[in-house]
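Me: I have this model open and would like a close look at a single part of it, with the surroundings filled in. Could you walk me through one spot and what packs around it?

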Amino acid sequence: MNLPNTFEEKMKHLLGEEYEDYLKCYEEPRHYGLRVNTNKISVEDFLKIAPWPLRPVPWISNGFYYDGDQIQPAKHPYYFAGLYYLQEPSAMTPADRLLIEPGDRVLDVCAAPGGKATELGAKLQGKGVLMANDISNSRAKGLLKNIELFGIGNMLVLSEEPGKLTEYFPEYFDKILIDAPCSGEGMFRKDKKMVKAWEEHGPEFFSKIQRSIITQAASMLRPGGMMLYSTCTFDPSENEQTIEYLLEEYPEFEICEMAGYEGFAPGMPEVTDSKNPNLAKTVRIFPHRMEGEGHYLALLKKGEGSPIALKEKDSKKGGKLPEELEEFFRNVSWKPEASRLDIHGERVYYMPKGLPKLNGVRFLRTGLLLGELKKKRFEPSQAFAMSLKKEEYANILDLSVQDERVIKYLKGETLDVEDLVSRKEKGWYLVCVDGYPLGFGKLANQTLKNKYLPGWRWQS
C-alpha cells in the first residue's frame, strides 16, 4: 500500500522500533465485528441462536469477530430484528468505555451512522434520554433508522451545529461522547480511499474542528459528568494536543483511567507542550498491537460545581389518551403517560421526561413515534414495533427463522397465516422471528396485510 511520505515519517517518529511491525499490518486482512444489542437480547442468549461462528473481541463484553469474507450478517432476519450492529472492533471501544447508567442524560455529538449511539442507547435500558446529533441531515437519516432498529425510544435525533446546542443544553448532560471528525489515519488499512481524503484534508484541518467541538461539548456537561473523546487517527494534534487544549480552556476537567486491555498503548505526553503526565492515561490503539484498526480515546471528568438550573418544558398535567390510542393499548402491557404525548397532526410521539424547551432546534425525531391517528383508528409505527418486546403485546405471530414467510414479510409481501390463527382473529399483530419483533401486520380472514416499513424492506 502506498502511504504518503509525510505520514510515514510521522509514524516512524511516533512508533520508533515498532514502525516495521506497524507496516506489516497492512499485509493482513481487515477485521469484521458484530456487537450484540443488549437492549433486546443477552450475549448468552444470542450465542445460543447465532447462525455463524463468532469469536469474542477480548476487550468488549458484547463484541465478536466474524468472517466477513464468508458470511453476510446484514442479510439475516436477526439483523432486521435489531439483535446486533455491524461495527469495526476498535470502533466499539468508545461507547463501551463511557460508563452509562440507566436514567442518564446522554449526548452523542457526532453520531452518524449510529455505531456508538446505538450502544449508548442500549445501555440506558429505556430510562433517561439519548440525544444523537449529526450536522449532516442525510447522515442523520441513517442514524435515525439504526436507533429505531435497535428499539431505542427514549431518544431525540438532531441535525445541528454543536455550537447551537450549547444555547439549549448548558450543563445538561451526565455523559457526552465525541467521536470527532478526523483525518482517518487509523482506517487506511480498512478503506484505501481514506488516504486520498487525508491528502485533501489532513490533521491541521480537522484539529481546528475538534477543538471547537470539544470545548462546546464541555459547556454542555454537568459538573461531575463524564465525557469521552475519540478519533480514528494517530496524529498528536488531533489527539493528545486536543485534550491539552481542552484542559487549558476548562481546567476543571481531569483525565481519568479507563478499563484497560493488554493491547492498549498509553497516550503520549511527550508530543504536547505541557508534557502533562496524565495524558498517559489516554489510550492509543495501534493495529499491529491488537486485532482492530487505529483509534485514540480520552476519558474525562468535569469538576464538581453548581450546575445551571434549566427551564424545563412545561409538562402537561393529567390529560387523557385519545380514544383510538386507548383502544390500541388494550393489547399492550404498559400504558403511556398522557402528559408525555406530543401530537403533531396525525402523528403521535412519546417523549422522554425532563427535556428543556427546544423551540428552534432542527430535529429528525423527538421521542418514540408511536404511530398515526387516522379517522377512528390508530396505526402503529415501525419504530413502535421495534421498541416492544414479545411479552408486551397481546397479538403475536411468531415465526421460526427457517420459515420462508419471514423473508416474505421483510420484502413487504402479504402472508397466509391460517396455520397460526383462527378465522375469528383479526386486527393488528406483531410479527416476530424466534420471539424478536420485526414489525406489524393487519390480520383479516387468516391473511396478514403487510405493514413493514417500505424503506426498510429486504432487498434481493
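Reply: Here is a walk from the annotated active-site residue out into the elements around it.

Some housekeeping: this is a predicted model, where local features need pLDDT of at least 70 and side-chain atom pairs count only at pLDDT 80 or more, while totals for chains, interfaces and linings use all residues. Residues are numbered from 1 along each chain as its sequence is written, and side-chain values use heavy atoms, with hydrogens and water left out.

The spot is Cys232, which the unreviewed UniProt entry annotates as "active site"; UniProt positions follow the numbering used here, feature names are shortened, and such annotations may be inferred rather than shown by experiment. Cys232 sits in the loop that runs from strand E9 (221-231) to helix H11 (240-249). Helices (H or I, at least four residues) and strands (E, at least two) are DSSP runs, numbered from the N terminus. Beyond its neighbours within four places in sequence, Cys232 contacts (heavy atoms within 4.5 Å) Cys182, Gly184, Glu185, Gly186, Met187, Gly294 and His295.

Now step back along E9. This strand pairs with strand E8 in the parallel sense over six bridges, pairing meaning that DSSP finds at least two bridges between two strands. One of those bridges joins Phe173 to Leu221 in E9. E8 (residues 173-179) also pairs in parallel with strand E5 (residues 105-108), over three bridges, with Asp108 partnered by Leu177 in E8. E8 is mostly covered: seven of its seven residues are buried, i.e. under 20% relative accessible area, with exposed over 50% and partly exposed in between (1.4 Å probe, protein chains only).

What about the core here? A nonpolar core is a set of buried Ala, Val, Leu, Ile, Met, Phe, Trp, Tyr and Cys residues joined through side-chain atoms within 4.5 Å. The largest one has 38 residues, and Met227, Ile176, Ile178 and Ile243 are among those with the most contacts inside it. Helix H10 (residues 203-220) supplies the largest share of this core, five residues. Leaving out residues up to four places away in sequence, Met227 touches a list including Ile176, Ile178, Ile214, Leu246 and Phe253.

On the other side of the loop is H11, where Glu240, Thr242, Ile243, Glu244, Leu246 and Leu247 are buried. The buried residues of H11 pack against H10, E9, strand E10 (253-256), strand E12 (283-285) and strand E13 (295-302).
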